Each structure stands twice: as structure tokens, then as C-alpha cells.
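Visitor: Got a minute to walk me through this one? I'd like to start with helix packing.

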Amino acid sequence: MKPAFTHNWSTERISQRVFYVLIGVIVLVFGLFYLVGFDLPFIEDPAFKAPFFTGAVLVLMYLLLLGALCTAAWAVYTTLKKRGKGGRMDNNIPVKKLAYGMLFITLGLLVFTFLFGSTGAMLINGKDYTDAFWLRVADMFINTTAVLMVIAIGAAIFGATRYYLGR
């Protein structure tokens, strides 16, 4: 039974509405951040800026992270509940092996990019930031994101062109 607020909408339509709402909230918060009080001086050191809506941006980022983690946990739970713990084939595709393979590849990529992340000091707000762990973590997320984006673009190009290549 579907909730009453969906009006028997398809999953695609609901996800589009959620996407549009998220885009609207993000544009609003970042618009306020850049357009209202962006040039306010920092009280302790007027050489730095303290934008008025910095707190709103941080709260939005925390809420988006929490929402993403909750959605991921819910998706894993419902998938395991629906599929069970046994091996499963869907359309001759071993979905369990594929899911575990992607999990281990992603975790391996995160570990790899963490181990080879830069620990060089960064100049932040006029001071050197030298905490090696957090520098590596930041580098890990940036490099992992870049690699996964390249893989996604490659997969999209392959998917779009494989019919033209006669496969």
C-alpha cells in the first residue's frame, strides 16, 4: 500500500520530485551564502571573511550526509530482506557477487587513495595546516571521487556505444 501523499505516483516520479526539492534547497542555501553577508569580516581577525550563512551551509551538508547514510542503510536492509542471504541471479547476472565485488573495489580504492594521499602542508587562512591524517583523508575523498567519476563516464560511453560497435 502506497502512502497517501504520493497519489499513486511511480517511483521515478517520486525520485524526480525529491531531486527537484533537493536542488531547490541547495540553490537557495548557497545563493544566500554567496549573496547575503558574504563579505562580513571575521570578529577575531578582520583580515578573514565570516559569511553570514556559513552555519546554514554546514547544517545542509550534515543533513545531506545523514540522509545519504540513512538511505544507503535502508536500501541495503530492504535488499537483503527481499533477496535473503543466498546467492541470487537476476537475468543471468550474479547480483550478490556483483554487489560484493563493487563493495570491495570501492573500499580498496578508498584505502589505496588514503595510503598514497599527500601529507604536504597546506596554507589555510594564512597558516600552515599539517595534520597528516586529515590531509590524507581529504586527498582520499577527492581522488576516489575523481576515479569513480572517470569510471562512471567510461561506463556511460561504453553503454552508449556498444550497440554501434556490433556487440
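**Helix contacts and core**

Guide: Sure. Bear in mind that this is a predicted model. In H3, Leu 109, Leu 110, Thr 113, Phe 114 and Leu 115 meet a set in H4: Phe 133, Arg 136, Val 137, Met 140, Phe 141, Asn 143, Thr 144, Val 147 and Leu 148.

Visitor: What's the contact of H3 with H4 like by class?

Guide: Ten nonpolar residues, three polar and one charged.

Visitor: At what angle do the axes of H3 and H4 cross?

Guide: Roughly 130°, and the axes come within 8 Å. H3 covers residues 95-115 and H4 covers 132-161. That angle makes H3 oblique to H4. The crossing of H3 past H4 is right-handed.

Visitor: New topic. Which residues make up the largest nonpolar core?

Guide: Five residues: Val 29, Phe 33, Phe 53, Val 57 and Leu 60. Helix H1 (11-35) and helix H2 (54-83) each supply at least two residues of this core.

Visitor: And what is Val 29 in contact with, leaving aside neighbours within four places in sequence?

Guide: Ala 56, Val 57 and Leu 60.

Visitor: Back to helix H4. Is Leu 135 buried or exposed?

Guide: Leu 135 lies in H4. Its relative accessibility is 6%, so Leu 135 counts as buried; the cut-off is under 20%.

Visitor: What's in contact with Leu 135, beyond neighbours within four places in sequence?

Guide: Ser 118, Thr 119, Gly 120, Ala 121, Met 122, Tyr 129 and Thr 130.

Visitor: How far is the Leu 135 C-alpha from that of Gly 154?

Guide: The two C-alpha atoms are separated by 29 Å, with the residues 19 apart along the chain.

Key: Residues are numbered from 1 along each chain as its sequence is written. This is a predicted model: local features need pLDDT of at least 70, side-chain atom pairs count only at pLDDT 80 or more; totals for chains, interfaces and linings use all residues. Side-chain values use heavy atoms; hydrogens and water are left out. Axes are lines fitted to C-alpha atoms, for helices over the stretch in contact, and angles run from 0 to 180 degrees between N-to-C directions. Helices (H or I, at least four residues) and strands (E, at least two) are DSSP runs, numbered from the N terminus. Angles under 35 degrees count as roughly parallel, over 145 as roughly antiparallel, 65 to 115 as roughly perpendicular and the rest as oblique. A crossing is left-handed if the near helix is turned anticlockwise from the far one by less than a right angle, and right-handed if clockwise. Contact means heavy atoms within 4.5 Å. Ala, Val, Leu, Ile, Met, Phe, Trp, Tyr, Cys and Pro count as nonpolar, Asp, Glu, Lys and Arg as charged, and the others, Gly among them, as polar. A nonpolar core is a set of buried Ala, Val, Leu, Ile, Met, Phe, Trp, Tyr and Cys residues joined through side-chain atoms within 4.5 Å. Buried means under 20% relative accessible area, exposed over 50%, partly exposed in between (1.4 Å probe, protein chains only).
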